[in-house]
Amino acid sequence: MSDQYNDTRIYRKHKRFNIGIIFCIVISLYFIAYFCDYFFSSSNVFYEVSKGTTAGLMENQYNALVMRTEEIVNSEASGYIYFFVGDCSPVYVGQTAYLIDKSGELSARLKAATQTSAVLNENDLNQIRSLLNDFRTVFSDDEYYETYHYKYQTESRILDLLNNNIFDNDTFANAGTYIRFASKNAGIAVHYTDGFEGVSSDSLESSMFRKADYSKKIIRADDYVESGSPAYKVITSEDWSLAIQISNPDSFKNLDYVNVTFLKDGISADGKFEIIAKGGKYYGIISLSKYMVRYASERYLQITFSDDKLSGLTVPKSAVTEEYYYAVPEEYLTQGGNSSAYGFAVKLRDSEGKEYVEMRYPEIVLQKDNLCYISQYSTELKSGYRIIKTDSVSEFEVGMKAPVSGVYAYNGSTSEFRIIDILGENREYYIVKENTSGGIKLYDQIYTDYQDAEKNDKR
């Protein structure tokens, strides 16, 4: 008996290696990586130039210190003081400004008269209403101490008005022993002192801006004053200024004039602006020639800037760098020959060493601060060339270089330096002038970080 075996063999079909499929996969992965790199990486490298403004650059409120030309007038006698010139009112040389009641008899009669015959007219009442309205406008819980200033100021104004009306009555002409004093200064009479008289931009300190430490001594009618102590003060000039503390001086560096709005009443005024540095601090000084009388009773004013919005093209601050250009004095720029174009008269020598003058017309990329900026790679004007000023013997040798701000624009294969004219800035961007010759244009692609341009050829 023989065993029979079924010879069952399984033959597997071997797949052939298809290099075409592998090639397609590799190509696909390459394109995927390329597009990912383009859409994600390049978006961080390049910035598309857009329009923008410096809105918000100076949108904060500022606590401004008021600086004026003020002269304190000291009392010439001891006694009870009464004013003939109201607070924050004009006073003239020779005009009776105040009197001093030495005995106190006049003071007693005036007090009695205010209980019986004193009457305020409509104009007087309007002045009181104006004071109360000012208080209501500026009052805040954070500055409650201002309540006392307005209380004393209102009391003083009411007494002034009452006493002036009473003094019209001849009954008091010979009451008691009192002396009248005439003003020796012309200006605006103010019935308070605060120790800030004489403060100027040369004497500013940061401690002067702490309103919580500020105190005002109001001199009221019927107050007893010593001889030689302040009776009142006179503001002798219409010109005045505001000082503000600033932490970002670069944001203000291009401003020569500003328009400020006083939050107390919404009034706006134009003023000359400058930045000064003292004791490691920066201050903005706004010089004004209007509304001094309106705010004569104020030492501090809350202000905002109302014309700080500059429009132009926006570029990231990280994109801005500097390149050096030939700097040629603008006075050497001239029209030459029969051409209406402007260029430079260059003194050259021919092959025989003979001098001659030839007009050259290099591209001037920027004219600023009486200088013409020309590329150091210009073939029209090279280092060592001597240019002459027409109708003069003056000469200038090309070679001086100066930095020019700009960004690197990407044109598809290389990076190209483009100049910019900075108008202003906000926290992250510069606002630059549009339509600058040789500059950037709307929708240009520029490097977000100028250092990335080093990865490409620069032209």
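This tour proceeds through a predicted model, stop by stop, with a selection to make at each one.

**The four-stranded sheet**

Begin by selecting strands 4, 13, 9 and 6, which form an open sheet in that order with antiparallel pairing. At its edges are strand 4 (70–74) and strand 6 (89–91), each of which pairs on one side only. On average, neighbouring strands of this sheet are turned by 40° against each other, direction ignored.

Next, restrict the view to strand 9 (residues 187–190) and strand 13 (residues 230–235). These two run antiparallel and are joined by three bridges. Display the side chain of Ile188 and then look across to strand 13: Ile235 stands opposite.

**A charge over a ring**

Select Lys233 together with Tyr192. The charged end of Lys233 sits over the ring of Tyr192, 4.0 Å from the centre of that ring. A further arrangement of this kind may be displayed by selecting Lys389 and Tyr332: Lys389 lies over the face of Tyr332, at 5.5 Å from the ring centre.

**Aromatic pairs**

The structure holds 19 aromatic pairs. One of them is formed by Phe196 and Tyr214; this pair is tilted, with 5.8 Å centre to centre and 55° between the planes. Both residues belong to the loop between strand 10 and strand 11, where they are 18 residues apart. Phe196 has a relative accessible area of 14% and is therefore buried, and Tyr214 is buried as well, with a relative accessible area of 9%.

Now select Phe209 and Tyr283. Their rings form a stacked pair, 5.8 Å centre to centre, with 15° between the planes. This pair links distant parts of the chain: Phe209 is in the loop between strand 10 and strand 11, whereas Tyr283 is in strand 17 (residues 281–288), 74 residues apart. Phe209 and Tyr283 are both buried.

For a cluster of rings, select Phe46, Tyr410 and Tyr447, which are linked by ring pairs.

**Ser206 and its surroundings**

Finally, select Ser206, in the loop between strand 10 (192–193) and strand 11 (217–218). Is this residue buried or exposed? Ser206 is partly exposed, because its relative accessible area is 30%, a value that lies between the limits of 20% and 50%. Leaving aside residues up to four places away in sequence, Ser206 touches Gln245 and Tyr283. To conclude, select Gly279 along with Ser206: the two are 73 residues apart in sequence, yet their C-alpha atoms are 8.9 Å apart in space.

Note on methods. Residues numbered from 1 in each chain as written. Predicted model: local features only at pLDDT ≥ 70, side-chain atom pairs only at ≥ 80, totals over all residues. Heavy atoms only, no water. Buried < 20%, exposed > 50% of the residue type's maximum accessible area, 1.4 Å probe, protein only. Contact = heavy atoms within 4.5 Å. Pairing = 2+ DSSP bridges. Axes fitted to C-alpha atoms, helices over the stretch in contact; angles between N-to-C directions. Phe/Tyr/Trp six-rings, centres within 6.5 Å; stacked < 30°, edge-to-face > 60°. Lys NZ or Arg CZ within 6 Å of the ring centre and 35° of its normal.
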